[in-house]
Amino acid sequence: MSTSGMDGARGLVPGTEAELLVLADVMSVLWGPLVTEQEAQQPWKRHERFLRHLLGAPERPDETPPDDDARGPSLDGWLLPQPALRQAEKELADARGPVAEKAHRQVADFRRRFPDHLEPVDDDETTRGPWLTGTDGGLALDRAVRGLQACGRLCDLPDEGDAALLGALLNLYACRLYVSGEQVRRLTGADRDLLPHACLDLRFRSRLRRFWLVATLSLWTAPPASLRHAPAERADTRWTSTSDVREAMRAARDTFEKQLQDAFTPLRMSVFAGSNLPYPPPRFWVVRGDDMVGVRRRADQGAVENASRALLQASPSASTTAAGVIEQWPSGSQLYVLRRYVPDPGVPRYVVVPQRPEAGAEQEEAVRRFIYGMSDIEGRAAADLYDVSTDANTRGALADSYQYVADTGNRLWDQLSMEFPTARGSQLTKIHRQVDLIHQVLLQGVADLEEVRTEAARLTATFEDTVAALVDDFDREFTEVPVPDRQPLRSSVSQSGYVATTKGVVDDTCGRAQRAREAYEGILHSVTLAFDERRVRVTDNISLWALAVALGLAVAPVFVEVWGAIAGRWEGAGPTVFVWAGVGVAVVAGLFLWHRLRTLGGLELSGDFRTRYEALRRYLTDCRTEPLERALQRSRSVARARGLAGPRPTVSTWEQHHADWRACDRGLARRFAEQVDAIRAFPGTGVSEERRSGLRTRIERWALVSLLATERPRTFFGYPLPLLTLLYRTYPLWDALTGARDDDGPSLVADADLMLTLRVTCRAHPEEVESVDRWLHALRVEARREGEAQAAGGSRGADARAVLQAIADTGIHVGMDRAEWKDALRLMRESLDADSITGHLAAHSRDPERRAAAPAPGSRPSGGPSGQSENQGQRPAPGDGDGAAPRTTRSTAGGPGPG
């Protein structure tokens, strides 16, 4: 074993004699598709700029793709193509359809352009040619960019069944980069000791219906022995400084990650539990030294203890630290591995200690396979569990809405039930008909709640299947030999950290859905008992009615005699009088019977309620999951057919799709605002008996608000409807129940819905969602302040159309690109900094007096700074709109999606 530079490297890890320290960090970004970006910002152009920057090549002077015969740029770094040709051919074997046909042509084109990379190497289904630099490397780079452009066109037309094929197709252009210490300094701009060697592996993954670029960065303190990590021509330089190499590695890693995220779109895995818990990819430390060999025979070895404390911030014997020996056959390589999930910042960290340092390149290959296999397993699990936690968050928010409807309905039922002891006759009938309305709304919600509960139970099964698949993947990839008195790696991966947190989220969602259903069933049971009590009362009175009928029959002969005497005096009047009298009695009786039959079984409803309910029913018929899903599939199919018909710019392929959904979003958002304003203006008088009339009006308003809040799409982020989503999130709908502030009402849009709507539809980065959230919270506070001002004039709450206009004024819309999103975000941040939200809603109010009284933008109300409120700490929701949401035709805006 080479020992050059050993004296200077004694300080790599305190308390050890480590001769090599490697930091291997996995970073993921969104590669595509980017269907709203112009050609210069498409993924393959971003990819080219990123590679040229890392490898020291100048940027292309124009946006035209390179020619096959053109001479490539000269690279000062090294490029190693790693096409997964065998994987692509395996996926193509059973693929059918137009995408598969184009994929066959792409593979044939790859074989023509890369004749040196056709033979598979070892067992990872990749092929490998020589490391390339200079103009040879530049030519390979240009060829890869042309291939990625052709693959990227197909990735713009995603279909669930083609995701794996397209991911394999992209991996035909996977590669590995090597840069030396001087190049690391140039890239990082760090004025510090050189990190001698850096290797960056770039691969593609198909996850969550998107295509990710997974970059594995490894920083070395000594030259790698394996040609997988560095060319044979690399310099034999080592880290010789006495400064902290770990700090230098972390700084270089942060710089590389920033460049990667600036070039592409950042990703952040999260668990939506209270606050979003991030889940970054795993980090690996590889430490090699003679004093750390034979750990299995010396479990209390001081060097490993010191390495664990320095790199994991915990002892190997800690309950949160797992340990195991990974054996790889037939090479016989052994790796002593420690794993710990570090809660802050939420990163799973590994320390890998090779037990056969004399094996050199072979041992490095074993470490490489472990790092790549383990990061892929953790990445797949993180994506799957992210999907589970997202669904759990949205289902939990829906269950909370039903719970709140049940709680407010229970209070109304309690007030109604107090009328029963004293109500009699027609009063009792009217009260029971009001109870009928509560009963009807709750019955409609029970079926939906059962579906929510079923979905929550399905999430439990999905979570268990994901964990089982995680364990199966681990067992398939690795052979672990347990370490006595230590938690195995297999258990740590499948039970701790992100997995445990997701399990808690799923269990909580199931509990919330169950509690909401029990609340509904409890009220329904009470109402049923009330109906039974009334039937008992009526049954008890049947004997009295029978006695009355008997008395009537007994008196009938007397009446006949009297009538005969009277009729005898009118003999001269003729039969006309009796005919008309009979006709009159028949008409009155007929009208009475017609009225009774017409209202038989009906509810005691006001005319205003019937009018508003019919309009609400028409809106809810269009704005439901099923019609929206059908419309989305239809418009995607049209765009997909356009893209497959021939090569065209990505924006052109999806232009009509975005235009249709932009109109649909405006129309549905406008109709929602109209429904809210109609409910807000619901009259509180107009019926006699003020007390019961007021209660009936509150019950009818509760029914309208409950239906509007619960009969919504189950999720919003699956549909390009940002205006509608943000209006649901922002407007304090629950306040319309009483006309007063209601801080206990749950949000109608879940945190996951908000995050994904802004990320997918509006191209927002994760950290920017928080800024939008604060802006929407300030808008919500202003809506309530404006509502209190209008309440003084007899109105109820802020104008929902004014809130919609405020969101739309930011310029957010369906199909916006990154530049447009930045402009919208800038407007929101500036309005927050200048307090210009104050008075915005009054300026858009339909009330002329409120518009005239609106303060100038940026001025402060008399009550204090804009945005100050008792509920200022509540989480808001991000906003998004596309202009003024004008009236559009029913075929596009009023319907369930593009016509």
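Visitor: Why does cysteine 664 count as buried?

Guide: Cysteine 664 has 0% relative accessibility. Buried means under 20% relative accessible area, exposed means over 50%, and partly exposed lies in between (1.4 Å probe, protein chains only). With 0% set against that limit, cysteine 664 therefore counts as buried. Please keep in mind that this is a predicted model, where local features need pLDDT of at least 70, side-chain atom pairs count only at pLDDT 80 or more, and totals for chains, interfaces and linings use all residues. Residues are numbered from 1 along each chain as its sequence is written, and side-chain values use heavy atoms, with hydrogens and water left out.

Visitor: Why is the sulfur of cysteine 664 not in a bond with the closest cysteine sulfur?

Guide: A disulfide is a covalent bond between the sulfur atoms of two cysteines. Here it is taken as a pair of cysteine sulfur atoms within 2.5 Å. The closest cysteine sulfur to that of cysteine 664 belongs to cysteine 623 and is 8.2 Å away, so the two are too far apart for a bond.

Visitor: How many disulfides does the structure hold?

Guide: Zero. Cysteine 155, for instance, is in none, as its nearest cysteine sulfur, in cysteine 151, is 6.6 Å away.

Visitor: Is cysteine 155 buried or exposed, and what tells you that?

Guide: Its relative accessibility is 2%, so cysteine 155 counts as buried. Buried residues make up 54% of the 899 residues in the protein chain.

Visitor: Why does leucine 591 count as buried or exposed?

Guide: Leucine 591 has 54% relative accessibility, so this residue counts as exposed. You can find leucine 591 in helix α14, residues 576–598. Helices (H or I, at least four residues) and strands (E, at least two) are DSSP runs, numbered from the N terminus. The protein chain has 26 helices and 16 strands.

Visitor: Where is confidence lowest, and where is it highest, in the protein chain?

Guide: The score here is pLDDT, the predictor's confidence in each residue, from 0 to 100. Helix α26 (residues 890–894) has the lowest mean, 35, while helix α19 (residues 722–730) has the highest, 93. Over residues 1–10 the pLDDT is below 50, and beyond near neighbours in sequence this stretch has 15 contacts in the model. A contact means heavy atoms within 4.5 Å. Residues 855–899 also stay under 50, and the model has 141 contacts for them beyond four places in sequence. For the protein chain, the average pLDDT is 79, with 77% of the residues scoring at least 70.
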